[in-house]
Amino acid sequence: MQKHNFSAGPCVLPREVLLKASEAVMDFNGSGLSLIEISHRSKDFVAVMERARSLVLELLNLEGKGYQALFLQGGASMEFLMVAYNLLETKAGYLNTGTWSDKAIKEAKLFGEVVEVGSSKDENFNYIPKGYAVPSGLDYLHLTSNNTIFGTQFKKFPTTDAPLVCDMSSDIFSRVLDFSKFDLIYAGAQKNMGPAGTTLVVIKEEILGKVSRKIPSMLNYQLHIDKESMYNTPPVFAVYTSMLTLEWLKNMGGIAAIEEINEKKAQLLYSEIDLNPVFEGYANKNDRSNMNATFNLAEEGLKDTFDAMLKEAGINGLNGHRSVGGYRASMYNALSLESVGVLVDVMSEMERKA
Ligand code: PMP
């Protein structure tokens, strides 16, 4: 039975990527050896790392603009502290839009003063704060472009004279942005890029070298840049699979092409949520995420029936995060419009049954 995978991450990846990645595990480039049993210093793997790094800059339109792409480890959670370790000298600004920014704030407080420039905590993060004033004199301003748990997404970004740092874990490569407005972008691979195990960090090199503290090697962005993202053994399988997904994205026309499909998927689902009286959207309409749509049943009593119908239709991963409850449909790049169509059909069938 065909599955429709709406999981929030790890999540659906393109079928052809999974096939190529499994082939490489058995026989990498016709070498008779597995991708995961050869040296990371071999010519073939070094070429993979170089290709993955350059595809990132090409797709984000950041080539020749002073940026470096790194594939690190420790998840996006490690970046919560690495960002502060490398950039926070005195005071940083954070926009608090949910669980992940909250965690980033907690780590940053270990290194200096944190100003919460805006927050949507008062409404359990169902909106993106607006109308806040960004103070001057910040070492950087940090935000989370897409809030995976609550289903909100920045449509407009703040202007500031400080370096702009963005956690794009759950919407990188999903929509066209002027990425050169950001000085540091990070994203765990396991949504729009590949398996868990590597974290993409894209840095404008000129923002580094400004803090006075000593930075341990593994946490030092400059060192990872100098070593071309190969300071220690990189997570070879995660990097290779990410490279395949980036190739897939490039071949289908890049971010602009996928954005068009992502818009269609989101419109299809949100119009069902709005028209169908059985369901209620969670996030403020203007701030809705095109990646993660959060919604609830108007009547909890319908849950067992709806869950059984989802199962019957082969729909996986629709349960909301425990802090929000209800449902969350994650519609990452590799999820097809057809899968969203299947979900919408189940939702309208639910209305007929209710
Ligand atoms: N930031 C965001 C926006 C996320 O969605 C997640 C994970 N879902 C994280 C950070 C944490 O990522 P990791 O598990 O890779 O540390």
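Which residues are around the ligand? In this predicted model, they are G9, G75, A76, S77, W100, T144, T148, D167, S169, S170 and G188. The chain is divided into domain 1, residues 15-251, and domain 2, residues 254-353. UniProt, in an unreviewed entry, places the feature "domain: Aminotransferase class V" at residues 5-340.

**Ligand shell**

- Helix 3, residues 75-87, gives the largest share of the shell around the ligand, with three residues.
- By residue class, the shell around the ligand holds eight polar residues, two nonpolar residues and one charged residue.
- G9, one of the residues around the ligand, is joined to P10 by a cis peptide bond with an omega of about -5 degrees.
- P10 is located in the loop that runs between strand 1 (4-5) and helix 1 (15-26).

**Annotated span and domains**

- In the span that UniProt annotates, residues 5-340, helix accounts for 33% and strand for 17%.
- The C-alpha atoms at the two ends of residues 5-340 are 10 Å apart.
- Between the C-alpha centres of domain 1 and domain 2 there is a distance of 27 Å.
- Contact between the domains involves 23 residues of domain 1 and 23 residues of domain 2.
- On the side of domain 1 that touches domain 2, two or more residues come from each of strand 6 (146-147), strand 7 (152-153) and helix 6 (236-251).
- The residues on that side of domain 1 comprise eleven polar, eight nonpolar and four charged.

**Strand 2**

- Strand 2 covers residues 67-72, and six of its six residues are buried, so the strand is largely enclosed by the rest of the structure.
- In a regular strand, side chains alternate between the two faces of the sheet.
- On one side of strand 2, Y67, A69 and F71 are buried, and on the other side Q68, L70 and L72 are buried, which leaves both faces covered.
- The pairing between strand 2 and strand 10, residues 199-204, is antiparallel and runs over six bridges.
- Within strand 10, L200 is the residue opposite F71.

**K65, in the loop before strand 2**

- K65 sits in the loop between helix 2 (43-59) and strand 2.
- K65 counts as exposed because it has 11 C-beta neighbours inside 10 Å, and the cut-off for exposed is 12 or fewer.
- Along the chain K65 and E205 are 140 residues apart, while their C-alpha atoms are separated by 9.6 Å.

**Positive phi angles between helix 5 and helix 6**

- E228 is placed in the loop between helix 5 (221-226) and helix 6, and S229 lies in the loop between helix 5 and helix 6.
- E228 is not a glycine, yet its phi is positive, at about 50 degrees.
- S229 is not a glycine either, and its phi is positive, at about 65 degrees.
- E228 has 13 C-beta neighbours inside 10 Å and therefore counts as partly exposed.
- S229 has 20 C-beta neighbours inside 10 Å and therefore counts as buried, the cut-off for buried being 20 or more.

Key
Residues are numbered from 1 along each chain as its sequence is written. This is a predicted model: local features need pLDDT of at least 70, side-chain atom pairs count only at pLDDT 80 or more; totals for chains, interfaces and linings use all residues. UniProt positions are given in the numbering used here, feature names are shortened, and annotations may be inferred rather than shown by experiment. Helices (H or I, at least four residues) and strands (E, at least two) are DSSP runs, numbered from the N terminus. Two strands pair if DSSP finds at least two bridges between them. Domain bounds come from an automatic or database domain assignment. Two residues are in contact if their C-beta atoms, placed from the backbone, lie within 7 Å. Ala, Val, Leu, Ile, Met, Phe, Trp, Tyr, Cys and Pro count as nonpolar, Asp, Glu, Lys and Arg as charged, and the others, Gly among them, as polar. A residue is near a molecule or strand if its C-beta atom, placed from the backbone, lies within 6 Å of it.
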